[in-house]
Amino acid sequence: MSREEDSELLKEIGMDRIPDLVYMHLRDLWAVDGLYYLGIEKRFGTEAATEIDAEVWKVMGKIEARRLKKFLGLGDDLDSMIKGLKYSGWAMDLEDKEWSKKDDSVLLRITDCRIQNTRLKKGLEVFPCKKVRWGFLKSFAKEFNEDIEVKCHKCPPDRIDDGKWCKWEFRMRD
């Protein structure tokens, strides 16, 4: 089947249902990521699984940023990077996220994390995702502009005490 035939196939389901298909595939990709992580964690431990996951997501941040920047025709400023991040596979289907602009920075809060909640429901410990997410976000930002800083205010394994899982800040370096 050619790309044109695939495009026609997509049109059959109707343009109004394309977002649902995209979200379904995003969740499928997150499921694969989680299953790989759990498999590595079971065999080699949490530390090894987290190291491997961090390496993969760091490279993925660069790849995804480069592709989105080109696809969306984005520039190299902070607003362009944030727009690209909003379209990323990492951020797009996070249900409970809050974006806010504060002075010369943009804050992202994850208020309810599906990944962490799923682990807790399965009786697993909280995933120490700070290293993984920070690597992804820094490489994503760097692909837009070397002067975009990513600051982590809070992310597991940091203590979660106000009902919000993570808080990230993005700004241009002075």
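This talk goes through the core, the pockets, the cavity and three individual residues of one structure.

Good morning, colleagues. The structure before you is a predicted model, and the values I quote are computed from it.

I begin with the interior. The largest nonpolar core has 35 residues, and those that touch the most other members are Met81, Leu85, Trp90, Leu137, Phe140, Trp168 and Phe170. At least two residues of this core come from each of α2, α3, α4, β2, α6, β3 and β4. Helix α6 makes the largest contribution to this core, with 6 residues.

Two of the residues just named, Met81 and Leu85, are among the buried residues of helix α4. That helix spans residues 78-86, and its buried residues are Leu78, Ser80, Met81, Ile82, Gly84 and Leu85. As a reminder on helices in general, an α-helix has 3.6 residues a turn, so residues three or four places apart point the same way. What, then, covers the buried residues of α4? The cover includes the helices α3, at 46-72, and α6, at 130-144. It also includes the strands β1 (96-102), β2 (105-112), β3 (148-154) and β4 (166-172).

Trp168 is another of the core members that touch the most others. Which residues does Trp168 contact, leaving aside its neighbours within four places in sequence? One set of partners is Val106, Leu107 and Leu108. A second set is Lys130, Arg133, Trp134 and Leu137. The remaining partners are Val150, Lys151, Cys152, His153 and Cys155.

I turn now to the open spaces. The largest pocket has a volume of about 1,000 Å³. Its lining is made up of 29 residues, and Leu26, Leu29, Met60, Glu64 and Gly89 lie nearest the centre. Two elements, α2 (18-44) and α3, give two or more residues to that lining. Helix α2 gives the most, with 12 residues. Sorted by class, the lining of the largest pocket holds 22 nonpolar, 3 polar and 4 charged residues.

The second largest pocket has a volume of about 370 Å³. It is lined by 17 residues, of which Trp30, Gly34, Leu35, Ile115 and Thr118 are the closest to its centre. Here α2 and α5, the latter at 114-121, each supply at least two lining residues. The largest share is again from α2, with 8 residues. In this lining, 8 residues are nonpolar, 2 are polar and 7 are charged.

How many cavities of 30 Å³ or more does a search of the whole structure find? The search finds 1. The largest cavity has a volume of about 80 Å³. Its lining consists of Trp30, Trp90, Leu94, Ile110, Cys113, Ile115, Gln116, Phe127, Cys129, Arg133 and Cys166. By class, that is 9 nonpolar, 1 polar and 1 charged. Trp90, which I named as a core member, is thus also among the residues that line the cavity.

I shall close with three individual residues, starting with Ile115. Ile115 lies in helix α5. It is one of the residues closest to the centre of the second largest pocket, and it also lines the largest cavity. Is Ile115 buried, exposed or partly exposed? Ile115 counts as partly exposed because its relative accessibility is 27%, and the buried class requires under 20%. Apart from neighbours within four places in sequence, Ile115 is in contact with Trp30, Phe127 and Arg133. These three partners are also found in the lining of the largest cavity. The C-alpha atoms of Ile115 and Met92 are 14 Å apart, and the two residues are separated by 23 residues along the chain.

The second residue is Asp93, in the loop between α4 and β1. With a relative accessibility of 8%, Asp93 counts as buried. Its side chain makes a polar contact of 2.7 Å with the side chain of Arg27. Not counting residues up to four places away in sequence, Asp93 touches Tyr23, Leu26, Arg27 and Arg114. Of these, Leu26 is one of the residues nearest the centre of the largest pocket.

The third residue is Glu41, which belongs to helix α2. Why does Glu41 count as buried? Glu41 does so because its relative accessibility is 13%, and the cut-off is under 20%. A polar contact of 3.2 Å links the side chain of Glu41 to that of Arg119. Beyond residues up to four places away in sequence, Glu41 touches Thr46, Ala49 and Arg119.

Thank you for your attention.

Definitions and conventions:
Residues are numbered from 1 along each chain as its sequence is written. This is a predicted model: local features need pLDDT of at least 70, side-chain atom pairs count only at pLDDT 80 or more; totals for chains, interfaces and linings use all residues. Side-chain values use heavy atoms; hydrogens and water are left out. Buried means under 20% relative accessible area, exposed over 50%, partly exposed in between (1.4 Å probe, protein chains only). Helices (H or I, at least four residues) and strands (E, at least two) are DSSP runs, numbered from the N terminus. Contact means heavy atoms within 4.5 Å. On a 1 Å grid over the protein atoms alone, a cavity is a set of points where a 1.4 Å probe fits but cannot get out, and a pocket is an open set with protein on both sides within 12 Å along at least five of seven lines; lining residues have an atom within 4 Å of a point. Grid points are joined across faces, edges and corners, and a volume is the space filled by probe spheres set on the points. Ala, Val, Leu, Ile, Met, Phe, Trp, Tyr, Cys and Pro count as nonpolar, Asp, Glu, Lys and Arg as charged, and the others, Gly among them, as polar. A nonpolar core is a set of buried Ala, Val, Leu, Ile, Met, Phe, Trp, Tyr and Cys residues joined through side-chain atoms within 4.5 Å. A polar contact is a pair of N or O atoms within 3.5 Å; within protein, one must be able to donate a hydrogen and the other to accept it, and residues adjacent in sequence count only if both atoms are side-chain atoms.
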